[in-house]
There are 2 protein chains.
Amino acid sequence: MRVLLHPAEHEIRLENLFHALSDPARLEVVRTLIALGSEQSCNSLGEAMAKSTFSHHLKVLRESGVTRTRVAGTHRYVTVRSEELNRRFPGLLDLVERSGPPALTDAAAAALSAARA
Amino acid sequence: MRVLLHPAEHEIRLENLFHALSDPARLEVVRTLIALGSEQSCNSLGEAMAKSTFSHHLKVLRESGVTRTRVAGTHRYVTVRSEELNRRFPGLLDLVERSGPPALTDAAAAALSAARA
DNA sequence: ACTAGTGGTCTACGATCATCGAACTTGGGA
DNA sequence: TCCCAAGTTCGATGATCGTAGACCACTAGT
């Protein structure tokens, strides 16, 4: 897998975003990414699930247009496509951010504290 | 079926809303309801699919908190829970409304013209 | 070049979902 | 009362999804 598929901004469809965000695990990942505010290495997130499961969730988020994944050597870095999403579907990310989680998962808390250290 | 289940406002969860709205047929129904702006009889919508399928979609929308269904004799009337949704998840309905449909389905167009007549 | 280890994908499987036909329930007339 | 109209529920089927174990690619160190 050399090339990662990302939809262009105009190809992002609302129902695909809704589907991507309808899974609690993915919603949590996006919330964590928003909270951290910057590019994150793949392995700093999603430690609560199997690698393959997390990889699958990242693929769904990427192909729906929620996130962008950058390849750099052996690492992959994930970001939320905030500018494009705010331009095309204003308010969506605010919704995700403000509907704060009932409680942070251990993985998310670990990622948060690691990012602050 | 005497009693229809509706979640209370504080029980409405974002991931359930996202899931309910991630299906194109349901998204179309909600967009039509918003466009029409008032209570609609069940049979004025969803003529593009089987009765049982439409009934299932309405159930998903209702149980996720998107719509409210009122029973009146042999008829049921559906509304979008706009006030509650705007209070709890501000911007969500605007998002659905503004991300206009690529094209109105025949059923939706029929419902629209019927409502305008 | 070989090996070890890290980082990510492929494949299979169980669960959920969307769809529809058919049978059932209920209410409103003729 | 008898029948139709409006919706729901049930059963079945094909598709999609979430999960995780097994597998592969790449890098660093020796």
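## Salt bridges

A salt bridge is counted here when a side-chain nitrogen of Lys or Arg lies within 4 Å of a carboxyl oxygen of Asp or Glu. By that rule, a search of the whole structure, which is a predicted model, finds 11 salt bridges over all chains.

One of them joins A:Arg68 to A:Glu84. The closest N and O atoms of A:Arg68 and A:Glu84 are 3.4 Å apart, which satisfies the cut-off of 4 Å. A:Arg68 belongs to strand S2 (residues 67-72) of chain A and A:Glu84 to helix H4 (residues 82-88) of chain A, so the pair ties together parts that are 16 residues apart in sequence.

## Interface of chain A and chain B

Chain A contributes 16 residues to its contact with chain B, and chain B contributes 16 residues in turn. About 1,400 Å² is buried between chain A and chain B, and carbon and sulfur atoms give 77% of that area. On the side of chain A, the residues that lose the most area to chain B are A:Glu15, A:Phe18 and A:Leu95, which together account for 42% of what that side buries.

Three helices of chain A each supply at least two residues of the side that touches chain B: H1 (14-21), H2 (24-36) and H5 (92-98). H1(A) gives the most, with 5 residues. By class, the side of chain A that touches chain B has 11 nonpolar, 3 polar and 2 charged residues.

The rule finds 0 salt bridges across the interface of chain A and chain B. It also finds 0 residue pairs in polar contact there, counting pairs with both residues at pLDDT 80 or more.

## Packing of H2 and H3 in chain A

Helix H2(A) also packs on helix H3 (residues 51-64) of chain A, at an angle of about 75° and with the axes 10 Å apart. Angles of 65 to 115 degrees count as roughly perpendicular, so H2(A) is roughly perpendicular to H3(A).

From H2(A), the residues A:Ala25, A:Arg26, A:Val29 and A:Val30 take part in the contact. They meet A:Phe54, A:His56, A:His57, A:Val60 and A:Leu61 in H3(A). The contact of H2(A) with H3(A) comprises 6 nonpolar, 2 polar and 1 charged residues.

Conventions
Residues numbered from 1 in each chain as written. Chains lettered and ligands numbered in written order. Predicted model: local features only at pLDDT ≥ 70, side-chain atom pairs only at ≥ 80, totals over all residues. Heavy atoms only, no water. Contact = heavy atoms within 4.5 Å. Buried area = accessible area lost by both parts, 1.4 Å probe. Polar contact = N/O pair within 3.5 Å; in protein donor to acceptor, adjacent residues only side chain to side chain. Helix = DSSP H or I, 4+ residues; strand = E, 2+ residues; numbered from the N terminus. Nonpolar A, V, L, I, M, F, W, Y, C, P; charged D, E, K, R; others polar. Axes fitted to C-alpha atoms, helices over the stretch in contact; angles between N-to-C directions. Parallel < 35°, antiparallel > 145°, perpendicular 65-115°, else oblique.
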